[in-house]
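Please look over the sequence and the structure shown here before reading on. The report that follows takes up a few places in the chain and then its domains.

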Amino acid sequence: MLFEIKELKSEILSDPVENLTSNPALAVEQITGWCIQILDILEKIEMMALGRKVINENEMGYLLEEECHLCRGQGKITHPEWLEYWDAYMLKKEEIEEKNSNLKWSEIDNVVKTELEKMGVTEPLDKPEEIVCPICNGKGDVLTSYGKTLLHFLKRHWDEI
Ligand SMILES: [Zn+2]
């Protein structure tokens with residue numbers, strides 16, 4: 001492109017003015033030719049700028065999917081009942097550790113479980129510890145609003161593809 005512009009520029013600058021003024025028909029033809037070449041170059045510049053704009057917008061603004069906020073991209077989450085149990089477990093564990101700093105890990109675990117059982121809190125063994133994330137259905141990523149828009153249009157015009 002730069003080569004085309006430089007070539008055209010040197011052609012216009014080097015052409016003796018006398019040649020053009022002495023032959024109006026040739027001058028018109030020559031100038032028209034240059035104008036068309038200039039317009040061709042402008043068209044190419046416009047197309048390149050448009051292409052760059054589309055690419056930039058897609059990289060910066062039109063993100064189609066993003067990490068799922070609930071499972072943080074894992075596709076699975078801890079079952080809510082287990083989450084509740086582990087919260088109670090951790091609270092009780094802190095309490096036991098404060099009172100009994102000399103206990104081993106396995107002893108603390110036993111005391112915590114016993115104390116929790118007394119409170120009626122037991123491991124929800126009938127539930128799986130991990131379940132498929134209900135937000136992203138296990139994919140780990142979710143569609144952004146741009147992604148949803150694109151999907152909407154694809155669904156609507158699927159028969160035209
Ligand atoms: Zn998820």
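## Asn-137 and its loop

In this predicted model, Asn-137 counts as exposed because it has 11 C-beta neighbours inside 10 Å, and a residue is called exposed when that number is 12 or fewer. Asn-137 is found in the loop that runs between strand 3 (130-132) and strand 4 (141-143). Although Asn-137 is not a glycine, its phi is positive, at about 55°.

## Arg-72 and its loop

Arg-72 belongs to the loop between strand 1 (65-67) and strand 2 (76-78), and its phi is near 50°, a positive value in a residue other than glycine. With 11 C-beta neighbours inside 10 Å, Arg-72 counts as exposed.

## Leu-151 in helix 6

Is Leu-151, a residue of helix 6 (residues 145-156), buried or exposed? Leu-151 counts as exposed, since 12 C-beta neighbours lie inside 10 Å, and the exposed class takes in residues with 12 or fewer.

Leu-151 can also be set against Glu-115: these two residues are 36 residues apart in sequence, and 52 Å lie between them in space, C-alpha to C-alpha.

## The two domains

The domain assignment of the protein chain gives domain 1, made up of 2-66 + 143-160, and domain 2, which covers 80-127. How many Å separate the centres of domain 1 and domain 2? Taken over C-alpha atoms, the centres of domain 1 and domain 2 are separated by 69 Å.

Terms used: Residues numbered from 1 in each chain as written. Predicted model: local features only at pLDDT ≥ 70, side-chain atom pairs only at ≥ 80, totals over all residues. Domains from an automatic or database assignment. Helix = DSSP H or I, 4+ residues; strand = E, 2+ residues; numbered from the N terminus. Buried ≥ 20, exposed ≤ 12 C-beta atoms within 10 Å, placed from the backbone.
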